[in-house]
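Here is a short walk through one protein model. Start at a surface loop, then move inward and along the charged pairs.

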Amino acid sequence: MTDAPDAGDPGVPAALSTGSAEPWRAPVAEGALEAVVELPGSKSLSARALLLAAIADAPTTLTGLLRSRDTELMLAALTGLGARFEDLDETGTRLRVTPAPLPLHVQTGPDGVGRIDVGLAGTVMRFVPALAALADAPVVFDGDEAARRRPMAPLLDALADLGAEVTHLGEPGFLPFRVGPGGGAFLRAEGARVAVDGSASSQFVSALLLLGAILPGGLEVTPTGPVPSLTHVAMTVATLRERGIAVDEPAPGAGDGERTWRVHPGRPLGGQVAIEPDLSNAGPFLAAALVAGGRVSVPHWPAATTQAGDAWRELLPRLGGEVTLIDGTLTARGTGRLTGIHADLSDVGELAPTVAALATLAGAQGHTSALTGIAHLRGHETDRLAALAAQIRLLGGDAEESDDGLIIRPAPLHGAALRSYADHRMATFAAIIGLSVEGVSLDDVECTSKTLPGFTDLWAAMLATATAATTAGQGGTGVAAGSSRGPVTPGDGA
């Protein structure tokens, strides 16, 4: 095991700020909560829906679409490949998509090359280059400074193996790079096959599966090793099937390197597509009930879903909470007393920062936690394992990186000036800690706009229910009946 570097150590990667002018002071919960939080659409489902609509056989109307920095980057990228988008209401969450013609027509500059800004969006930097291999001109991809540290080599190698032209414009295997159709041989292949190392990101596998539908003979994809976050691959398969694309999955019990997905050819169907609320983004709000006490509810929770965030139903009770799902509303209840957790998060790594926040607060109550199966988080918006360990230590906590996760031991906590590393999950980590630790500030809370615009308004409105509950209870700390302020929606103030 290796120790995480201290905050400010050059071993903890920095990232571009997204523009918070002043540090954000994380508010402390003033009492038990009684909140209903309405969340926008799933980032992961929005990205897949937009891409499939852009290559569909007919126009698509999307409802419940997330409008955030990540989805705006996806919209711009797909527009650059010939798709057209029309807002159908003032919120932008209802969108009509006119698909691009095939082969995709690139909007190029005077040099005959297209350019796409991926920002820090993993879905844009992984999903769209695969489509660019089908375009009529080469496309250069680049993004934020931190995006240039995110691994791309397995996908680029796979595209080159399929016959695309891949040119590295910087360090090989990272942004920036150029992708073009090359000789177009794989566009004519009747039975394309490709192997890809998916150990760094399941997005490499998903990118190829999404590409496979519009190849003339479909595509067989075989990951050469373990694939983290397999729930996201399952989401991709389900999304393809919902749009009329047949997908054969690996045989049950197939081991690493033996699993093959086969996508049959066919343009995805257009029509009506509704997007579920983002269950991963529900995590910080549900966690707040465990920290502050009381209850937080999220409506429109799907009865069945491929989203990783559905795991909150199993994880939060292990951390000291109670969870119920009744008539499509998921409610988390807590008392402020937390427990440690030993959890393999390999399939739900995006939930790790929120779990780590609860585990850190449980450490202040004397509990040890171990989070495993998340080595791949070192290649996310920042090195999340190093960043989490560094920030926990800044707070006075005891955190150590393991080969594939974090160990968090008992230690008292105190306030600290925390860093977001331009990572939305690190920002919500700080918000959760600040619920019960005074003096927590964050350098860049606006990075939450990557997936959850209006986060601070949502957070403040949720916490305002604690004030209402305490007042109704005449100074007590419990939750008084009838004290809820009603649904908390993006844009509401405290």
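Aspartate 404 sits in the loop between β20 (398–402) and β21 (405–409). The model is predicted. Aspartate 404 has 32% relative accessibility, so it counts as partly exposed. Together with Asp344, Asp347 and Asp403, Asp404 forms a patch of negative charge on the surface.

The two strands beside this loop also carry a charged pair. Aspartate 398 and arginine 409 meet through their side chains in a salt bridge (3.6 Å, N to O). Aspartate 398 lies in strand β20 and arginine 409 in strand β21, eleven residues apart. Both are partly exposed, aspartate 398 at 30% relative accessibility and arginine 409 at 31%.

Now take the whole chain. It holds twelve helices and 24 strands. Of its 494 residues, 58% count as buried. Among contacts with a separation of 6 or more, 75% join residues 24 or more positions apart.

Helix α3 (residues 122–132) shows burial at the level of one element. Eleven of its eleven residues are buried, so the helix is largely enclosed by the rest of the structure. Arg126 is one of these buried residues.

Back to the charges. The count of salt bridges comes to 17. Arginine 295 and glutamate 34 form one such bridge (2.6 Å, N to O). Arginine 295 is in strand β15 (residues 294–298) and glutamate 34 in strand β2 (residues 33–37), so the pair ties together parts 261 residues apart in sequence. Arginine 295 is partly exposed at 34% relative accessibility, whereas glutamate 34 is buried at 10%. Elsewhere, Arg67, Glu72 and Asp87 are linked in a salt-bridge network.

Note on methods: Residues are numbered from 1 along each chain as its sequence is written. This is a predicted model: local features need pLDDT of at least 70, side-chain atom pairs count only at pLDDT 80 or more; totals for chains, interfaces and linings use all residues. Side-chain values use heavy atoms; hydrogens and water are left out. Patches are made of residues with over 30% relative accessible area and no salt bridge: like charges are joined within 9 Å, nonpolar side chains (Val, Leu, Ile, Met, Phe, Trp, Tyr) within 5 Å. Accessible areas come from the Shrake-Rupley method with a 1.4 Å probe; for residues, only the protein chains shown count as cover. A salt bridge is a side-chain nitrogen of Lys or Arg within 4 Å of a carboxyl oxygen of Asp or Glu. Lys and Arg count as positive and Asp and Glu as negative; His and the chain ends are not counted. The place of a charge is taken as NZ of Lys, CZ of Arg, CG of Asp or CD of Glu. Helices (H or I, at least four residues) and strands (E, at least two) are DSSP runs, numbered from the N terminus. Buried means under 20% relative accessible area, exposed over 50%, partly exposed in between (1.4 Å probe, protein chains only). Contact means heavy atoms within 4.5 Å.
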